[in-house]
Amino acid sequence: MNGTNRKQGGAVAGGVPLGGVRGRTPSPQDHMDVLVSGAEREFPRPRLRPRHRRRTFMNDARPCSSYDLQESTLKKTRIHTDKAPAAIGTYSQAIRSGNLVFLSGQIPLDPATGALVSGDFEARARRVFDNLKAVAEAAGGSLDGVVKLSIFLTDLGDFATVNAVMAEYFTEPYPARAAIGVASLPKGADIEAEAVLALSPEHS
């Protein structure tokens, strides 16, 4: 038998039948298939343990409570007073969100007439801070609660006068401040100021 065991189903090698039809000479691929299948029988593949599901951000996320939703969608409350110039256009005198109040820019307009006040630059600067003060008080605060102040000037040479006037309206610790030189302002004004006000906890 030429050293090869024969069975009716074909040649065998190592107890594994070689594929193919009776009488056909086994191909190299047949031998390779036998070696692979024999190895699998002698050395079965280890059973893999199921992998633990990886924890992700979504797995760890907890359900949102009504408190979370309220905190993430803070309301905007409009602030208005007749003691400051009326908002003419798509804006409000101020908007409150949480304990912060964002005061729109004020120029030296007389609330009663809607016109620029007469007099020198110092008088116009005072009118600006009077307007801001009126809006801050309407929101339940005062200028002492201002944490950020932005002042716009068409002439930065007037900055020293602004400092002097501010000392009449603010006390230490003074708010953070920015002074910006600009080419022009609404209605031909030479000064405008806006502010961010923080309300005390009792106004929550």
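Student: How many aromatic pairs does a search of the whole structure find, and what makes two rings a pair?

Tutor: The search finds two aromatic pairs, where rings of Phe, Tyr and Trp (its six-membered ring) pair if their centres lie within 6.5 Å, and planes under 30 degrees apart count as stacked, over 60 as edge-to-face and the rest as tilted. This is a predicted model, in which local features need pLDDT of at least 70 and side-chain atom pairs count only at pLDDT 80 or more, while totals for chains, interfaces and linings use all residues. Residues are numbered from 1 along each chain as its sequence is written, and side-chain values use heavy atoms, with hydrogens and water left out.

Student: Why is the pair of Phe129 and Tyr169 called tilted?

Tutor: The ring centres of Phe129 and Tyr169 are 5.6 Å apart, and there are 35 degrees between the planes; this angle is neither under 30 degrees nor over 60, so the pair falls into the remaining class, tilted. Phe129 lies in helix H4 (residues 121-138) and Tyr169 in helix H5 (residues 159-169), so this pair ties together parts that are 40 residues apart in sequence. Helices (H or I, at least four residues) and strands (E, at least two) are DSSP runs, numbered from the N terminus.

Student: What makes the pair of Phe129 and Phe170 edge-to-face?

Tutor: The planes of Phe129 and Phe170 stand at 85 degrees, which is over 60, and their centres are 5.9 Å apart, within the 6.5 Å limit, so the pair counts as edge-to-face. Because Phe129 lies in helix H4 and Phe170 in the loop between H5 and strand E8 (176-181), this pair joins parts that are 41 residues apart in sequence. Ring pairs thus link Phe129, Tyr169 and Phe170 into a cluster.

Student: How do you know whether Phe129 is buried or exposed?

Tutor: Phe129 has a relative accessible area of 0%, and buried means under 20%, exposed over 50% and partly exposed in between (1.4 Å probe, protein chains only), so Phe129 is buried. Tyr169 is buried as well, and so is Phe170. In the protein, 30% of the 204 residues count as buried.

Student: Which residues does Phe129 touch, not counting those up to four places away in sequence?

Tutor: With contact meaning heavy atoms within 4.5 Å, Phe129 touches Leu143, Leu149, Ile151, Val165, Met166, Tyr169 and Phe170.

Student: Why is H4 called oblique to H5?

Tutor: H4 and H5 pack at an angle of about 40 degrees, with their axes 10 Å apart, where axes are lines fitted to C-alpha atoms, for helices over the stretch in contact, and angles run from 0 to 180 degrees between N-to-C directions. Angles under 35 degrees count as roughly parallel, over 145 as roughly antiparallel, 65 to 115 as roughly perpendicular and the rest as oblique, so the angle of about 40 degrees makes H4 oblique to H5. The crossing of H4 and H5 is right-handed, that is, the near helix is turned clockwise from the far one by less than a right angle, anticlockwise being left-handed.

Student: Which residues make this contact between H4 and H5, and what is its composition by class?

Tutor: The contact is made by Phe121, Glu122, Ala125, Arg126, Phe129 and Asp130 of H4, together with Thr161, Val162, Val165, Met166, Glu168 and Tyr169 of H5. By class there are seven nonpolar, one polar and four charged residues, counting Ala, Val, Leu, Ile, Met, Phe, Trp, Tyr, Cys and Pro as nonpolar, Asp, Glu, Lys and Arg as charged, and the others, Gly among them, as polar.

Student: Why does Ala176 count as partly exposed, and which residues does it touch beyond four places in sequence?

Tutor: The relative accessibility of Ala176 is 41%, which lies between 20% and 50%, so Ala176 is partly exposed. Ala176 is placed in strand E8 and touches Val147, Lys148 and Leu149, leaving out residues up to four places away in sequence. The C-alpha atoms of Ala176 and Val147, 29 residues apart along the chain, are separated by 6.0 Å.

Student: What makes Lys187 exposed, and what is its phi?

Tutor: Lys187 has a relative accessible area of 59%, which is over 50%, so Lys187 is exposed. Its phi is near 60 degrees, a positive value in a residue other than glycine, and Lys187 lies in the loop between E8 and strand E9 (191-198).
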